[in-house]
Amino acid sequence: MNKTWMLVVLAGFFEVMWVAGLKHADSVLTWGLTAIAIVVSFGVLIYAGKKLPTSTVYAVFVGLGTAGTVVSEMLFFDEPFRLSKLILIALLLAGIIGLKLATPEQADSVREEERAS
C-alpha cells in the first residue's frame with residue numbers, strides 16, 4: 001500500500017472523529033475539534049483524489065468511515081453490541097478491500113504522467 005492510500009485511511013480516521021463529534025459535541029472546544037477534523041478529513045481526501053482514482057478513493061473513505069463510526073459507537077459511546085453489525089461491517093470491509101485490489105496500480109503512474117505533460 002503506497003503513501004497516498006495511507007492518506008485515505010487517515011482521512012477515514014478523521015471522518016470517524018468528526019461524525020462522533022457531530023453527535024456528541026457539547027462545548028466550544030469539542031465543536032472546534034469537530035470542525036478541525038472535518039477540514040483535515042476532506043483536505044486529505046481531496047489531495048488523495050487528485051493522485052488516485054476518485055471513485056475508489058471516495059468508496060474506501062466512506063466505507064472506512066462507516067465501519068469506524070459503528071465500531072467506535074459500540075466501544076466508546078455505549079451503543080449496543082450486535083454480532084449482526086460486526087458481520088455486516090466485515091462484509092463492507094471485504095468489499096472495500098476488493099475494490100482497492102481491483103483498482104489497477106497503473107492509475108497512479110498514468111496520472112503522474114498526465115500531469116508531467
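A residue counts as buried when its relative accessible area is under 20%, as exposed when it is over 50%, and as partly exposed in between (1.4 Å probe, protein chains only). Keep that in mind, as we'll lean on it throughout. The model here is predicted, so local features need pLDDT of at least 70 and side-chain atom pairs count only at pLDDT 80 or more, while totals for chains, interfaces and linings use all residues. Residues are numbered from 1 along each chain as its sequence is written, and side-chain values use heavy atoms, with hydrogens and water left out.

Let's start with the whole chain. There are 5 helices and 0 strands, where helices (H or I, at least four residues) and strands (E, at least two) are DSSP runs numbered from the N terminus. Read along the sequence, that gives α-α-α-α-α. The chain has 117 residues, and 32% of them are buried. Now for contacts, meaning heavy atoms within 4.5 Å. Take the contacts between residues at least 6 apart in sequence: 69% of them join residues at least 24 apart.

Helix H1 is a good place to step in. This helix covers residues 3-24, which makes 22 residues. From its first C-alpha to its last, H1 reaches 32 Å, close to the 32 Å expected at 1.5 Å a residue; the expected span is 1.5 Å times one less than the number of residues. Right at the start of H1, a side-chain oxygen of asparagine 2 comes to within 3.1 Å of the backbone nitrogen of threonine 4. Quite a list of H1 residues is buried, including Trp5, Val8, Phe14, Glu15 and Trp18. What covers the buried residues of H1? Helix H2 (28-51), helix H3 (54-76) and helix H4 (83-102) are among the elements that do.

Valine 8 shows this up close. This residue of H1 has a relative accessible area of 1%, so it is buried. Leaving aside neighbours within four places in sequence, valine 8 is in contact with Ala48, Leu52, Val57, Val60 and Phe61. The C-alpha atoms of valine 8 and leucine 64 are 9.1 Å apart, though their positions lie 56 residues apart along the chain.

Next comes H2. Its 24 residues should span 34 Å at 1.5 Å a residue, and its end C-alpha atoms are 35 Å apart, which agrees. Buried in H2 are Thr34, Ala37, Ser41, Val44, Leu45, Ala48 and Gly49. A handy rule helps when you look at lists like this: an α-helix has 3.6 residues a turn, so residues three or four places apart point the same way.

H1 and H2 also turn up together around a pocket. On a 1 Å grid over the protein atoms alone, a cavity is a set of points where a 1.4 Å probe fits but cannot get out, and a pocket is an open set with protein on both sides within 12 Å along at least five of seven lines; lining residues have an atom within 4 Å of a point. The second largest pocket has a volume of about 160 Å³, counted as the space filled by probe spheres set on the points, which are joined across faces, edges and corners. Its lining includes Phe14, Met17, Thr34 and Ala37. H1 and H2 each supply at least two lining residues, and H2 gives the most, with 5.

On to H3, where four residues are worth a stop. Threonine 56 sits in this helix and, at 7% relative accessibility, counts as buried. Not counting residues up to four places away, threonine 56 touches Trp5, Leu99, Lys100 and Thr103. Alanine 59, also placed in H3, is partly exposed at 30%. With the same kind of neighbours left out, alanine 59 touches Ile96 and Leu99. Its C-alpha is 9.6 Å from that of glycine 95, 36 residues away in sequence. Serine 72 is in H3 as well, and its 10% relative accessibility makes it buried. Beyond its neighbours within four places in sequence, serine 72 is in contact with Val16 and Phe77. Alanine 67 has its C-alpha 8.5 Å from that of alanine 90, 23 residues apart along the chain. Alanine 90 itself belongs to H4 and is partly exposed, at 46% relative accessibility.

Finally, look at the loop between H3 and H4, where aspartate 78 lies. Most residues other than glycine have a negative phi, and most peptide bonds are trans. Aspartate 78 has a positive phi of about 60 degrees although it is not a glycine. Buried or exposed, then, is aspartate 78? At 75% relative accessibility, aspartate 78 counts as exposed.

Methods. Polar contact = N/O pair within 3.5 Å; in protein donor to acceptor, adjacent residues only side chain to side chain.
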